[in-house]
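Trainee: I'm new to this structure and would love a close look at one part of it. Could you take me through the largest pocket and what lies around it?

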Amino acid sequence: MTKQLIRTINQIVKFGLKQNIEISKDERNLVLEKSMISIYSLYFEIQYEYDNTDFEEYDDIKYVNIRKNIESNFPDFGYYTIAFDLMDINNKDNMAIGDAIDDLSDIILDLLHIKWRMENNSQNNGLWYFQLIFSSYTQQHIIDLLNYLKQRK
């Protein structure tokens with residue numbers, strides 16, 4: 001599972017680490033969509049033993065160009081509307097604006113952090129962090145971005 005997780009992470013993060021990746025728009029969107037679905041699915045397979053070691057802290061300062069790189073790879077990504085609460089159908093003030101580039105930026109930053117922990121701390125520490133960040137943050141970005149990609153078709 002961990003090798004598949006790292007491979008899938010690499011498939012997604014390349015869009016934030018490199019500019020102007022040579023891939024057709026249709027193929028690019030398909031790779032992104034399939035990879036995000038794979039990450040979502042792998043979340044349900046997480047098994048680890050908590051690693052209580054006092055590890056070095058992650059530093060994401062080196063990733064300041066992620067948004068710019070995503071914009072070069074997905075120049076057609078933009079804003080979209082979302083509902084704050086899908087169950088509150090009678091509230092006309094229930095709408096918000098989402099940003100596909102911001103969603104992908106946050107997903108990539110989370111995945112880079114997971115990968116870093118797996119490679120620099122321990123596999124268990126990386127999987128623990130995956131479980132923690134996914135359910136509290138990354139999952140919603142993936143859902144929103146997948147919905148955005150679907151609505152654009």
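Trainee: Which elements each supply at least two residues of the lining of the largest pocket?

Mentor: Happy to help! This is a predicted model, where local features need pLDDT of at least 70, side-chain atom pairs count only at pLDDT 80 or more, and totals for chains, interfaces and linings use all residues. Residues are numbered from 1 along each chain as its sequence is written, and side-chain values use heavy atoms, leaving out hydrogens and water.

Strand 1 (79-83) and helix 5 (123-152) are your two elements; helices (H or I, at least four residues) and strands (E, at least two) are DSSP runs. Helix 5 gives the largest share, 4 residues. A pocket here is an open set of points on a 1 Å grid where a 1.4 Å probe fits, with protein on both sides within 12 Å along at least five of seven lines, and its lining residues have an atom within 4 Å of a point. The space in this one is about 230 Å³.

Look for Thr 81, Ile 82, Ala 83, Phe 84, Leu 86 and Ala 96, together with Gln 140, Ile 143, Asp 144 and Asn 147, in the lining. That makes 6 nonpolar residues, 3 polar and 1 charged.

Helix 5 also gives two or more residues to the largest nonpolar core, as do helix 1 (2-17), helix 2 (25-43), helix 3 (66-73) and helix 4 (100-121). Such a core is a set of buried nonpolar residues joined through side-chain atoms within 4.5 Å, with buried meaning under 20% relative accessible area, exposed over 50% and partly exposed in between. This core has 40 residues, and Leu 32 and Phe 77 touch the most other members.

Phe 77 is a good residue to follow next. Leaving aside neighbours within four places in sequence, Phe 77 is in contact (heavy atoms within 4.5 Å) with Leu 145, Tyr 148, Leu 149 and Arg 152, among others, and also with Asn 29, Leu 32, Ala 100, Ile 101 and Leu 104. Phe 77 shares one aromatic cluster with Phe 15, Phe 74, Tyr 80 and Tyr 148. The structure holds 13 aromatic pairs, counted when ring centres lie within 6.5 Å.

Back on helix 5, Phe 130 and Phe 134 are both buried. These two sit 4 residues apart in the helix, so about one helical turn separates them.

How values were computed
Points joined across faces, edges and corners; volume = space filled by probe spheres on them. Nonpolar A, V, L, I, M, F, W, Y, C, P; charged D, E, K, R; others polar. Buried < 20%, exposed > 50% of the residue type's maximum accessible area, 1.4 Å probe, protein only. Phe/Tyr/Trp six-rings, centres within 6.5 Å; stacked < 30°, edge-to-face > 60°.
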